[in-house]
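Q: Please take a close look at one part of this model, the salt bridges, starting with a single pair and working outward from there. Keep it relaxed, and tell me how the partners sit in their surroundings.

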Amino acid sequence: MRNPRRTQNIAFFFLLLATLLIVVPVGLIIAIIVQKGFPAINWQFLTDIPRQGMRSGGIFPAIVGTIYLVCGAIIFALPIGLLSAIYLSEYSGDNFLTRMIKLAIVNLAGVPSVVYGLFGLALFVVFFKFGASMLSGSLTLGIMILPIIITTSREALESVPYAFREVSLSLGASKWQTIRHIVLPNAIAGILTGTILGLGRAAGETAPILFTVAAFYLPQLPHSIFEQVMALPYHLYVISTQVPNVDEKIRYGTALVLLMLVLFMNLIAIIIRYRFRKKKKW
Amino acid sequence: MRKFKEFIIEKLILACGLACVFFVILIFLFLLKEGLAVFKTINPAKFLFGKNWYPISEPAQLGILPLIFGSLLVTLGATIISVPIGVACAVYIAEIAPLKIKEILKAGIELLAAIPSVVLGFIGMITLVPLVKNIFHLPTGLTALSGSIMLAFMAMPTIVSIAEDALYSVPKSYKEGALALGATHWQTIYRVMLPAASSGILAAVMLGIGRVTGETMAVMMITGNAALMPHSFLQPVRTLTATIAAEMGEAVVGSEHYFALFAIGIVLFVISFAINVTADLFLHRKK
């Protein structure tokens, strides 16, 4: 006769093992990058251009390029994403159109990142003749992060209690006034969280910028949105696979800067969410 | 006047609400526009089932079967590894872990989702690839196996978080009923919770697979990029995504090669569309 207690203990042991198999490598990866990348980081590495075929010098143009691209993406994606979230949470009914929009969001979130790259190439670079430029890259990244912004903003808007809206409407405010002065201010933390998560995603993606903006080597800062820029993720890809004999330290250093940039944004998002939850008035 | 302003704003909001639908259609149309051109010179069956991918030779041979098999092999490997581990992890987090540890574990999983794929590819190149090479005594560690392991890892956040949600949404009375009848906690999980959450877990698995097929950078960096028909997990392969990423930079705009890469994009788009729509159906059936 099998003992169910023992079976349970064995089963739980394996479940714990599976969990550790996922979480421990995450910790290890971050530890390795921090440990090996940290010695490479100094003022010169962060503020100098890459030198000697990217084998020495710094990564300043790539950092700036990534920041520009991410800002461009958010300028494009935030207004559209936010209004789209407002539509879904405040205006849409339970009908076919809403179903379609939700399905489109799910699909947009699932489109492979390299397909975004193709799309950006076909539409912005070739069709609109923007060329490989910051404009093309930012727009491509912007469309890519749209689903993240919409989903999180919508959750934030929907978590505002319905009574808030009813009171505002009963006092004679119009629907838009209610949204503008009551719903949005109360959902701002959630919207901010979504926006920052979108920023983090855009900063780390490589495939969408491969053919739309990223420059292999361009040791200067861009002067207009129609120029190419270097970007951190692409730079990491280049120095770890395309350029031979790059010092390990530089590779780890670049990986660390990129990782920190992305994790820092996620951390801010988590902090905002946490503080907001504590302050919640309802 | 105010009514007019309100009217304009409402129309603007509606237009933005439709933006996602518009972009999905736009992506598909532009892929079609550029991709279908390749079928003027090569017939679709030959494109899909041709065994040779030599886009630069004269005349170019554009058969994507080796790439499809490359993607299938890597996806299959990643699924075999990630599904049991991912679902087990979801069960642990949802059912067994104490509250504080649960928060830490969830943060760890979120952290994994946040790491850029190029960073994971870089780490995989430096740690996983030599490991695979040494264990199996191979000439190179850049193999389908390395890619599968890395992709399995990258699919975890998707699988764990969605499967966990599915387990949470099982009505509490199911669990209480089973426990009241004398079942152990494990019996309850295995016989009651998992079957009740099965459609959500299936959706989690499908979305995980979708994530794996679409992954580009990490897979390009550690699978070795050989566009040949794969015969085992211990060989270099090249996936559909990696082919586009690796070759589009060199393809001349408007050339046959360029169109062929877009046609691969259509294949990827259709795969991800099918996976997402099916997963969505499973998620909605649950409710």
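A: Let's start with R211(B), which counts as partly exposed because its relative accessible area is 33%. Bear in mind that this is a predicted model. R211(B) forms a salt bridge with E215(B), and the closest N and O atoms are 3.5 Å apart, so the pair falls inside the 4 Å limit that the definition sets. What about the partner, buried or exposed? E215(B) is buried, since its relative accessible area is 5% and the cut-off for that label is under 20%. So this pair joins a partly exposed arginine to a buried glutamate.

The general idea is simple enough: side chains of opposite charge can pair when their charged atoms come close. Over all chains, the rule counts ten salt bridges, and a few others are worth walking through.

Staying in chain B, K106(B) pairs with E164(B), with 3.3 Å between the closest N and O atoms. Here the two ends sit in separate helices: K106(B) is in α5 of chain B (residues 99-114) and E164(B) is in α7 of chain B (residues 144-168), so the salt bridge ties together parts that are 58 residues apart in sequence. As for cover, K106(B) is partly exposed at 31% relative accessible area, while E164(B) is buried, with just 5% relative accessibility. That's again a partly exposed basic residue with a buried acidic partner.

Chain A has a pair with another pattern of burial. The side chains of R165(A) and E90(A) meet in a salt bridge at 2.8 Å, N to O. R165(A) belongs to helix α7 of chain A (residues 162-170) and E90(A) to helix α3 of chain A (residues 60-91), so this contact ties together parts that are 75 residues apart in sequence. R165(A) is buried, with a relative accessible area of 8%, and E90(A) is buried too, at 11%.

Now for the pairs that cross between chains. How many salt bridges does the rule find across the interface of chain A and chain B? It finds two. In one of these, the side chains of R273(A) and E110(B) meet at 3.6 Å, N to O. On the side of chain A that touches chain B, the largest share comes from α1(A), with 18 residues. If you look at polar contacts instead, the count between chain A and chain B is seven residue pairs, both residues being at pLDDT 80 or more.

To put those charged pairs in context, it helps to look at the whole interface. The size of an interface is often given as the accessible area lost when the parts come together. By that yardstick, chain A and chain B bury about 6,700 Å² between them, and 82% of it is on carbon and sulfur atoms. In chain A, the residues that lose the most area to chain B are L15(A), I22(A) and L118(A), which together make up 9% of what that side buries. In terms of contacts, 77 residues of chain A touch 76 residues of chain B.

Helix α1 of chain A, residues 4-37, deserves one more glance, as I10(A) is found there. I10(A) joins F13(A), F14(A) and L17(A) in making a nonpolar surface patch of about 400 Å². I10(A) counts as partly exposed, given its 44% relative accessibility.

For contrast with the charged pairs, here's an uncharged side chain in chain B. T188(B) sits in helix α9 of chain B, residues 185-196, and is buried, with a relative accessible area of 1%. Its side chain reaches the backbone oxygen of T184(B) at 2.8 Å. Leaving out residues up to four places away in sequence, T188(B) touches K175(B), A178(B), L179(B), A183(B) and M193(B).

Note on methods. Residues are numbered from 1 along each chain as its sequence is written. Chains are lettered from A and ligands numbered from 1 in the order in which they are written. This is a predicted model: local features need pLDDT of at least 70, side-chain atom pairs count only at pLDDT 80 or more; totals for chains, interfaces and linings use all residues. Side-chain values use heavy atoms; hydrogens and water are left out. Patches are made of residues with over 30% relative accessible area and no salt bridge: like charges are joined within 9 Å, nonpolar side chains (Val, Leu, Ile, Met, Phe, Trp, Tyr) within 5 Å. Accessible areas come from the Shrake-Rupley method with a 1.4 Å probe; for residues, only the protein chains shown count as cover. Helices (H or I, at least four residues) and strands (E, at least two) are DSSP runs, numbered from the N terminus. Buried means under 20% relative accessible area, exposed over 50%, partly exposed in between (1.4 Å probe, protein chains only). Contact means heavy atoms within 4.5 Å. Buried area is the accessible area (1.4 Å probe) that two parts lose on being put together, summed over both. A polar contact is a pair of N or O atoms within 3.5 Å; within protein, one must be able to donate a hydrogen and the other to accept it, and residues adjacent in sequence count only if both atoms are side-chain atoms.
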